[in-house]
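Ready to practise reading a protein model step by step? Have a look at the sequence and the structure, and then try the exercises.

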Amino acid sequence: MEKVLVDLKNICQSFGDFEVLHDFNLQIMENEFVTLLGPSGCGKTTLLRMIGGFDSPTSGEIYFDGKLINDVEPNNRPINTVFQKYALFTHLNVFENVAFGLKIKKVPKNEIEKRVMDALKQVHLEEYRDRKIDQLSGGQQQRVAMARAIVLKPKLLLLDEPLAALDRKLRQDLRYELKDMQRSLGITFIYVTHDQEEALTMSDTVVIMNEGRILQIGSPEMIYNEPETRFVANFIGESNIVDGQMIKDKVCMFEGVQFPCTYTGFSKNEEVDIVIRPEDFLIVNKNESKLTGRIDSKTFQGALHEINIIDQNGTELTVHTTKDYPLDLEVGLTVDPENITVMKKPGVNIYTGVMEEDGYVRISDDILLETDSELEEGTDVVVRILTQDVLLDDIDESDFEGTIEDIKKRDMYYDVYIKSGDKRIISSTSKVHHVGETTGIWVKKEKVVVNVEEDLSNE
Amino acid sequence: MKKKSVFDYLSIIFIVFAFVIIYAPIILIFIMSFTSTYSLSEIGTGFTFKWYESLFTSNYERLSIASKYIANIDSLKIAILNTFFITILSTIISTFFGTLFAIGIHSLNKKKRTAFMVLNNMPIVNPDIVTGFLLLLIFVLLQTLIGLERGWFTVLIAHIFFSIPYVVLSVLPRLNQIDPNTYEAARDLGCTRFGAVFKAIIPSITTGIVSGAMFAFTMSIDDFVITMFVSGTEFYNVSTWIDSAMRRGFIPKSVYAYNLIIFLIASIVVQMNNFLQTNKKRKIEVVQE
């Protein structure tokens, strides 16, 4: 029943050495409202430009309606785009702008008139047909850009942050209009934004991207309620993310307190990340919960109060409530089991080391890593490196080398166990390696997390 | 009332002085072009329009112009026609190519764009005497290679050559102002590569193209040095003609008439341009309010 309209297969794109998209796969259904959401520089606009035909991928295939369209010129694609700053033609008036595409397609004159007026009616601009573009407000220009695109009846409409240049109130109104328009026209929309609110209110499907990869795909509800990674949890709305443990199935522990939850299938005492939305914490009497804290600060935000609570371990938790509480009050916090999200921790390599001069940290006789830390020379430190940040490369290009001892297959990647001198390091990678191979190993300096040794006892 | 200091008087004197320096020659030409004597130094012996008429008629007897000047006036008229022929043609051609070059340069990445701008600006910063001499060398070479005679064609080529950089310079800023996605928007709406340039980009940079054309026009119409080098022995524009007439010792006062006409046209164009610019600015301000 549901038909795949756009199919992106193994798309890679790099500009020089910089990899913008990394082996990107995505299917978009007919009549879907898909939002590509991510911070700037995550590759979402590049992806949109490829679908529109303005860039071509370094490798990979783009299928539209079952046909490979990699080499089809943009003017021959049944796809239209609403650009970020609208790119209206300032030498033409509103009517002529909307009629531009129809004239190029040599549509008969009386039909142009009818279709342009229909499109202008859709965006409530019939009365502005003879206006010059520079006599319109930002919101009106945005509507002209919409009309100019939909008048051609494309199968797919690409929108590149079309609301970014507008003020907040207008943005909110236009969101509903866009969604209505998508429903009534029956056109597939691919919408690019970095505004998570926009993504959640309009989309059928949200694709969260970072650094050229998909982090999570799902309905807005799913993305919000069950973020799979720390990044998603942080990016979509505010979150409290704390370290925790799964004591057993359906019981987790964080801040030294056990809570019932809905998750199963973790190993016993597995270290996890726990995500709780600020609005899911309930403030109760101090003696009604084992998790207690003191109200440290609060801000009034109109519909709600944002309260920062320092709990018994000194961790700061953010709570949204509709009720006001006095400062410095000791309170208890509870949370419903279904509102606790448990995330698998990414693998981490932990070492002890010593700071050396010029921002280097020594882990062993052979291993010296560059780091952003500005700790003093000679400080004893704990070094943490996520397994996904350990990169394997040619020996010449690397910080140090090691021999692969073991490889374990995970869902989407491999954990590669490497021995280097007397140290072992784990790297999570999607590339295939072989046991016994010697490989170069390097870590970007911002990924080398260094803490003073005393801090460890706290965690 | 505040007492005027010596600097206030000085500044007034300075302004008056500046105006006199700039406008006295024009006023002088204005007066001379209406006096009927032949001598360039005599002023105020009888009012006449004959120098103006002489530019548009061949019936010199009715104007009672001395016969020794008639040949000169005829050759001046040819020089004027030459000037307009070269100027109009070189303006059209250099505006066309300059606009396309500007669009091409604009679409390059920053590094290449800077490199091309250096290449573009080279002829502008080069003294005319160097440009003229270099072009002469090239044309001499071409003469021996393919038998190209120096004349109107070499002058036209030279004028196109030195006008294009000015067109590029006036079109580029306008290109920077228009929406960076204009070309892509046109492609998106169904234009071919060329269609997008001619239907979307060029119409939105017309102001830049017009000012570029005006630049090219003025550069070409008053060029002396480069034309001097590349025109050969037979071909004159007004500037080179005046130069050679001065050597021979006669200049008919028709030259004054011509100069004044050009001056008036230029002032009208400048005034109109000013008027259009301020009008446009006012309009934009109204919209922004």
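The exercises below deal with a predicted model, and each one comes with a worked solution.

**Exercise 1. Describe chain A: what is its secondary structure, and how is the chain divided into domains?**

Step 1. Start with the secondary structure: chain A has nine helices and 30 strands.

Step 2. Next, mark the domains. Domain 1 covers 4-230, domain 2 covers 238-344 and domain 3 covers 348-458 of chain A.

Step 3. Add the dimensions. Along the principal axes, the C-alpha atoms of chain A fill a box of roughly 80 × 60 × 45 Å.

Step 4. Finish with burial: of the 459 residues in chain A, 33% are buried.

**Exercise 2. Find out how confident the predictor is in chain A, and where the pLDDT is below 50.**

Step 1. Take the average first: the pLDDT of chain A averages 87, and 97% of the residues score at least 70.

Step 2. Now look for the weak stretch. The pLDDT is below 50 over residues 455-459 of chain A, a stretch with three contacts in the model beyond near neighbours in sequence.

**Exercise 3. Work out how many residues each chain gives to the contact between chain A and chain B, and which element of chain A gives the most.**

Step 1. Count each side: 19 residues come from chain A and 17 residues from chain B.

Step 2. Look for the elements on the chain A side. Strand 6 (79-82) and helix 2 (94-104) each supply at least two residues, and helix 2 of chain A gives the most, with three residues.

Step 3. Sort the chain A side by class: eight residues are nonpolar, eight are polar and three are charged.

**Exercise 4. Explain why the largest nonpolar core lies between two domains of chain A.**

Step 1. Recall a general tendency: in soluble globular proteins, nonpolar side chains tend to be buried together.

Step 2. Find the core. The largest one has 136 residues, and I51(A), V98(A) and C252(A) are among those with the most contacts inside it.

Step 3. Check which element contributes the largest share: helix 7 (residues 152-177) of chain B, with ten residues.

Step 4. Draw the conclusion. This core lies between domain 1 (4-230) and domain 2 (238-344) of chain A because both give residues to it.

Step 5. Zoom in on one member. Beyond its neighbours within four places in sequence, C252(A) has contacts that include F259(A), V272(A) and I340(A).

Step 6. Look for another core. Apart from the largest one lies a core of 17 residues, including V361(A), I363(A), L369(A) and V448(A).

Note on methods
Residues numbered from 1 in each chain as written. Chains lettered and ligands numbered in written order. Contact = placed C-beta atoms within 7 Å. Helix = DSSP H or I, 4+ residues; strand = E, 2+ residues; numbered from the N terminus. Nonpolar A, V, L, I, M, F, W, Y, C, P; charged D, E, K, R; others polar. pLDDT = per-residue confidence, 0-100. Core = buried A, V, L, I, M, F, W, Y, C linked by C-beta atoms within 7 Å. Buried ≥ 20, exposed ≤ 12 C-beta atoms within 10 Å, placed from the backbone. Domains from an automatic or database assignment.
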